[in-house]
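Q: I have a model open beside its sequence and would like to learn how to read it. Could you walk me through it?

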Amino acid sequence: MLIYRTDSDPVYGQGKRFDFLLTQEGYGEYVSVANDLSKMTGTLTGLYFDPDDYTYLEYGDFGIKSIEFLGSKEPVTYYYVNGTLMNTFYQPESVNGLIYASAYKMLQRMGCYVVWDSPAQTLYAEKNGQSILLTAGNRMALVNSQSLDLGAAPYYKNGHFMVPLLAVCSELGLSVTTEPPETVEPPPWDGCPEWYFDTDGHMEGWVASGVALARVSDGMVNLKCITTASAFKSPAFSIPAGEYRYVTIRCKNETDGNLLKVHFITDQDGAWGGKRQDCLISRKDSAFQEYTIDMAQNVKWRDLITQIRVDPTPNLGNFYIDYIKIHN
Ligand SMILES: [Ca+2]
């Protein structure tokens, strides 16, 4: 991944990146479109190279001969499925005048139940009782177990299962437009201070600082801590301290630090500092661990709690969070 920042958005990452799927050893030439074109605005002010996103702990040589910006070849069309910009998942492409889109994560994000069968090269998706079974190389699909000619066959390419966008969305009851929705209302806070980080790219209002990367994917937040003062701050809320005594966090700490701190502020005392509970956590995790912190141990956990801040670990490296909840 080649992660960038801009003058209008100076934090590295958070969707501002180019993905390169390396398909050979030795030098090869790879071209990538920005992961989220809506973030490609202003002036680029920095690049950060991450040679391997998912096997961060593997070691080996990695060489780069050149990095070149090619500019935009053609105007980009943005596609919105049920009002959500979908160019962020993988750039849709036009084949013989038909728009194809990478289906797996897009359909998941649209609330579909999705199953990918790799040996069979089939993708099954279901939403609100409507189902569709798609097969690579076969223009016939099964819609609610009935055979349907899509007019064009899905195909598998670079790890993406590409499907005819309009036909598939229409069978699943999803709208497709090339205009952004009129208004984008943030989801209302439903009074439940729980954050699961299960939607790719959606930080649920949390803001990270002191990190090289903060990103939600595969059901978790990845914080790449680069300073000893990495912090992860919640959105604002308002809950009575007496009814919400515990903070539970499920995390995987790949750093060799072992101290997690949970700071908080209240409606009566909005200053960070002095109000926190610490939790000893395991180091160099290979699996997720769940910790529950009794905030009532701190006498200042009272009145209305309005925000928390999680300081993941005082050391450098990857820290992953599956969920955070405040509860009794
Ligand atoms: Ca999660």
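**Reading the model step by step**

A: Happily! Keep in mind that this is a predicted model. Let's begin with contacts: of those in the chain with a separation of 6 or more, 60% join residues 24 or more positions apart.

Q: Which secondary structure elements does the chain have, and how many?

A: The chain comes to two helices and 27 strands.

Q: How do I read the radius of gyration of the chain against that of a compact globule?

A: The idea is to compare the value with what a compact globule of that length would have. For 328 residues that would be near 20 Å, and the chain has 22 Å, which agrees. You can also look along the principal axes, where the C-alpha trace spans about 65 × 50 × 40 Å.

Q: What share of the residues is buried?

A: Burial is judged by counting neighbours: a residue is buried if 20 or more other C-beta atoms lie within 10 Å of its own. In this chain, buried residues make up 27% of the 328.

Q: Into which domains is the chain divided?

A: The assignment gives domain 1 (1-73), domain 2 (80-177) and domain 3 (194-327). The centres of domain 1 and domain 3, taken over C-alpha atoms, are 28 Å apart. Between these two, eight residues of domain 1 are in contact with seven residues of domain 3. On the domain 1 side of that contact you will find five nonpolar residues, three polar ones and no charged ones.

Q: How are the strands of the open sheet ordered, and is the pairing parallel or antiparallel?

A: For a sheet, read the strand order across it and then the direction of pairing. Here three strands run in the order β5-β4-β15, with antiparallel pairing. β5 (84-85) and β15 (176-177) are at the edges; each has a single partner strand, so one side of each lacks a neighbour in the sheet. Strand β4 (residues 80-81) pairs with β15 over two bridges, and Tyr-80 has Thr-177 in β15 as its bridge partner.

Q: Let's try one residue. Where is Lys-261 found, and is Lys-261 buried or partly exposed?

A: Lys-261 lies in strand β23 (residues 259-266). Lys-261 is partly exposed, because 16 other C-beta atoms lie within 10 Å, and the buried class needs 20 or more.

Q: What does Lys-261 touch, not counting residues up to four places away in sequence?

A: With those set aside, Lys-261 touches Arg-276, Asp-278 and Asp-311. As for distance, Lys-261 and Ile-293 are 32 residues apart in sequence, and their C-alpha atoms are 9.6 Å apart in space.

Definitions and conventions. Residues are numbered from 1 along each chain as its sequence is written. This is a predicted model: local features need pLDDT of at least 70, side-chain atom pairs count only at pLDDT 80 or more; totals for chains, interfaces and linings use all residues. Helices (H or I, at least four residues) and strands (E, at least two) are DSSP runs, numbered from the N terminus. The radius of gyration is taken over C-alpha atoms; the globule rule is 2.2 Å times the number of residues to the power 0.38. A residue is buried if 20 or more other C-beta atoms lie within 10 Å of its own, exposed if 12 or fewer, and partly exposed in between; C-beta atoms are placed from the backbone. Domain bounds come from an automatic or database domain assignment. Ala, Val, Leu, Ile, Met, Phe, Trp, Tyr, Cys and Pro count as nonpolar, Asp, Glu, Lys and Arg as charged, and the others, Gly among them, as polar. Two strands pair if DSSP finds at least two bridges between them.
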